[in-house]
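Me: I have a chain open on my screen and would like to talk it through with you. Could we begin with what the pocket terms mean and then go on to the rest?

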Amino acid sequence: MTGKIFDFKLVFTQIPDLLKYLPITMELAIASTLFGMLLGLLIAIIKIKKVKVLDKVATFYVSLVRGTPVLVQLYIAYFGVPMLLKYINQQTGSDLKVAAIPGFVYAVLALGFNQSAFDAEVFRAALQSVDKGQHEAAAAIGMTGWQALRRIIIPEALSVALPSLGNSFINAIKGTSLAFTCAVVEMTAEGKILSGRNYRYFEVYVSLAIIYWAITIIFEKILKLVEKKISIPEQVEQLNTAEVEALKTKDKSKVILESSSETKKVGGVIKWQKNRGLS
């Protein structure tokens, strides 16, 4: 340990040691986000459809999870789930290997359940933002409720929900810093180990802050690109008579405009429609 009050050099020299555990951090964040999104979408559909009994259960679940700290939920998962499994073993005579379950699983479950409660409200608002005319149009062409949901409603809702879901993923990355409570050694846990060796706690946490900040900036840029890619244009160019005739004959590849500038604009709209499955 040096006599310096703050070792500026140490902040950067220990970053490579912390980054060795970045894959674990990202695995935790991605796994818990995917789990949270799927469960959140299911809860949102249950609440919108007002499924009997399940609607009340979903409302209680969302209130409970959103009203308790994620740290407490991690402790409950890490200590509570093994107790539940042991109880099941006692009552049923089964032999579930409780000790064989890694802490990573408990961390993913706790973080995923926490994410799902917030994602459920995001999905509910996004699904309800889809125009009712889309539902009617889907029913008019013979789609079932599930087909309309899968092919039209959910894809449109995702474009609305993406910014909030992106923020949810970034929060999940930062939330992994609490996974050490489940005996998972990710970046923050490794930082605690390093600081315990040289007693330079402040420098370690500054290093971690730099890493998390850099990761957040990178994913913010990626999310903006994705949002721009899947965003729905506010206005769509009107097609002229020749284009309409070409579309009617299903020969979309032969749509020709007199103006080259108009060709680029309308061609882009047609390409977007094809990619979205709207044409």
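Reply: On a 1 Å grid over the protein atoms alone, a pocket is an open set of points with protein on both sides within 12 Å along at least five of seven lines, and its lining residues have an atom within 4 Å of a point. A volume is the space filled by probe spheres set on the points, which are joined across faces, edges and corners. This is a predicted model, in which local features need pLDDT of at least 70 and side-chain atom pairs count only at pLDDT 80 or more, while totals for chains, interfaces and linings use all residues. Residues are numbered from 1 along each chain as its sequence is written, and side-chain values use heavy atoms, with hydrogens and water left out.

Me: OK, so what is the volume of the largest pocket, and which residues line it?

Reply: The volume of the largest pocket is about 280 Å³. Its lining consists of Tyr61, Leu64, Val65, Thr68, Val72, Gln73, Ile76, Ala77, Val81, Leu109, Ala110 and Phe113.

Me: Which helix gives the most to that lining?

Reply: That is α5, with five residues, and α4, α5 (70-92) and α6 (103-129) each supply at least two residues of the lining. Helices here are DSSP runs of H or I with at least four residues, strands are runs of E with at least two, and both are numbered from the N terminus.

Me: Stepping back, how many helices and strands does the chain have?

Reply: The chain has 12 helices and zero strands. Buried residues, meaning those under 20% relative accessible area (exposed is over 50%, partly exposed in between, with a 1.4 Å probe and protein chains only), make up 37% of the 279 residues.

Me: And what about the surface and the contacts?

Reply: The chain exposes about 17300 Å², of which carbon and sulfur atoms supply 64%; these areas come from the Shrake-Rupley method with a 1.4 Å probe. Of the contacts (heavy atoms within 4.5 Å) with a separation of 6 or more, 77% are between residues 24 or more positions apart.

Me: Switching to rings, how many aromatic pairs does the structure hold?

Reply: There are nine aromatic pairs, where rings of Phe, Tyr and Trp (its six-membered ring) pair if their centres lie within 6.5 Å, and planes under 30 degrees apart count as stacked, over 60 as edge-to-face and the rest as tilted. One of them joins Phe6 and Phe202, edge-to-face, at 5.6 Å centre to centre with 70° between the planes. That pair links distant parts of the chain, since Phe6 lies in the segment before α1 (8-13) and Phe202 in helix α10 (residues 201-230), 196 residues apart. Phe6 is partly exposed at 34% relative accessibility, whereas Phe202 is exposed at 54%.

Me: Why is the pair of Phe169 and Phe219 edge-to-face?

Reply: The ring centres of Phe169 and Phe219 are 5.1 Å apart and their planes are at 75°, so this pair is edge-to-face. It too links distant parts of the chain, with Phe169 in helix α8 (residues 145-175) and Phe219 in helix α10, 50 residues apart. Phe169 counts as buried because its relative accessible area is 13%, while Phe219 is partly exposed at 22%.

Me: Which residues do ring pairs link into a cluster?

Reply: The cluster contains Phe6, Phe8, Phe12 and Phe202.

Me: Where does the charged end of Lys192 sit?

Reply: The charged end of Lys192 sits over the ring of Phe180, 4.9 Å from the ring centre. For this, NZ of Lys or CZ of Arg must be within 6 Å of the ring centre and within 35 degrees of the ring normal.

Me: Now Leu158: what does it touch, leaving out residues up to four places away in sequence?

Reply: On that count, Leu158 touches Phe123, Leu165 and Ile230. Leu158 is in helix α8 and is partly exposed, at 34% relative accessible area. The C-alpha atoms of Leu158 and Ala126 are 7.1 Å apart in space, with their positions 32 residues apart in sequence.

Me: Last topic, the backbone: what is phi of Lys50 near?

Reply: Phi of Lys50 is near 55°, a positive value in a residue other than glycine. Lys50 is in the loop between α3 (22-49) and α4 (54-66), and Val53 lies in the loop between α3 and α4 as well, with a positive phi near 70°. Lys50 is exposed, with a relative accessible area of 61%, and Val53 also counts as exposed, at 61% relative accessibility.

How values were computed: 1 Å grid on protein atoms, 1.4 Å probe; cavity = no way out; pocket = protein on both sides within 12 Å on 5 of 7 lines; lining within 4 Å.
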